[in-house]
Amino acid sequence: QVQLVESGGGLVQPGGSLRLSCVVSGSSFRIIVMNWYRQAPGNERELVAGITSGGTTNYADSVKGRFTISRDNAKTMAYLQMNSLKPEDTAVYYCNARLQRPGTLLVDYWGQGTQVTVSS
């Protein structure tokens, strides 16, 4: 019923920029938090950035000053603007949404992921 779809990944040179988008579709939910995670081969999945329903943001130290998370509540979308990309940013990026639904507590939903490759 609820689906998250990421887009915007691709191949970019070091120093370049990408903007990732995540749309949440479905019905009967309220978004509590939206997050971007990433996972590189052999690494644990890590939180890159998050934004609450009130607009409070947080970032991993490795991306502070380079990445910006934003949210469009009316469209149930989240974005991750990535600037000054580095090869170490290469990973599959996943959108995560923590939702409140009728008859449930908080439930996490995940997108399929979008590949970001930073290479010359």
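**Notebook: Leu 80 and its surroundings**

I started at Leu 80. Leaving out residues up to four places away in sequence, I found that Leu 80 touches Leu 18, Arg 19, Leu 20, Trp 36, Val 48, Ala 49, Phe 67, Thr 68, Ile 69 and Tyr 93. I note that this is a predicted model.

Next I looked up the core. The largest nonpolar core has 30 residues. Leu 80 is among those with the most contacts inside it, along with Met 34, Trp 36, Met 82 and Tyr 93. I then checked which elements give two or more residues to this core. They are β3 (18–25), β4 (30–39), β5 (46–52), β7 (67–72), β8 (77–82), β9 (91–100) and β11 (114–118). The largest share comes from β9, with five residues. A general point for my margin: in soluble globular proteins, nonpolar side chains tend to be buried together.

Then I stepped back to the whole chain. I counted eleven strands and zero helices. From the N terminus on, every element reads β.

Which contacts join distant parts of the sequence? I took contacts with a separation of 6 or more, and residues 24 or more positions apart account for 54% of them.

I checked the dimensions too. The C-alpha trace spans about 50 × 25 × 25 Å along its principal axes. The radius of gyration is 14 Å, which agrees with a compact globule, because 120 residues would give a value near 14 Å.

Last, I looked at burial and surface. Buried residues make up 42% of the 120 residues. The chain exposes about 6300 Å², and carbon and sulfur atoms supply 47% of that area. For charges, I noted 11 positive and 8 negative, with mean positions 7 Å apart.

Notes
Residues numbered from 1 in each chain as written. Predicted model: local features only at pLDDT ≥ 70, side-chain atom pairs only at ≥ 80, totals over all residues. Heavy atoms only, no water. Helix = DSSP H or I, 4+ residues; strand = E, 2+ residues; numbered from the N terminus. Rg over C-alpha atoms; globule rule 2.2 N^0.38 Å. Buried < 20%, exposed > 50% of the residue type's maximum accessible area, 1.4 Å probe, protein only. Contact = heavy atoms within 4.5 Å. Areas by Shrake-Rupley, 256 points an atom, 1.4 Å probe, with all protein chains shown as cover. Lys, Arg positive; Asp, Glu negative; His and termini not counted. Charge placed at Lys NZ, Arg CZ, Asp CG, Glu CD. Core = buried A, V, L, I, M, F, W, Y, C linked by side-chain atoms within 4.5 Å.
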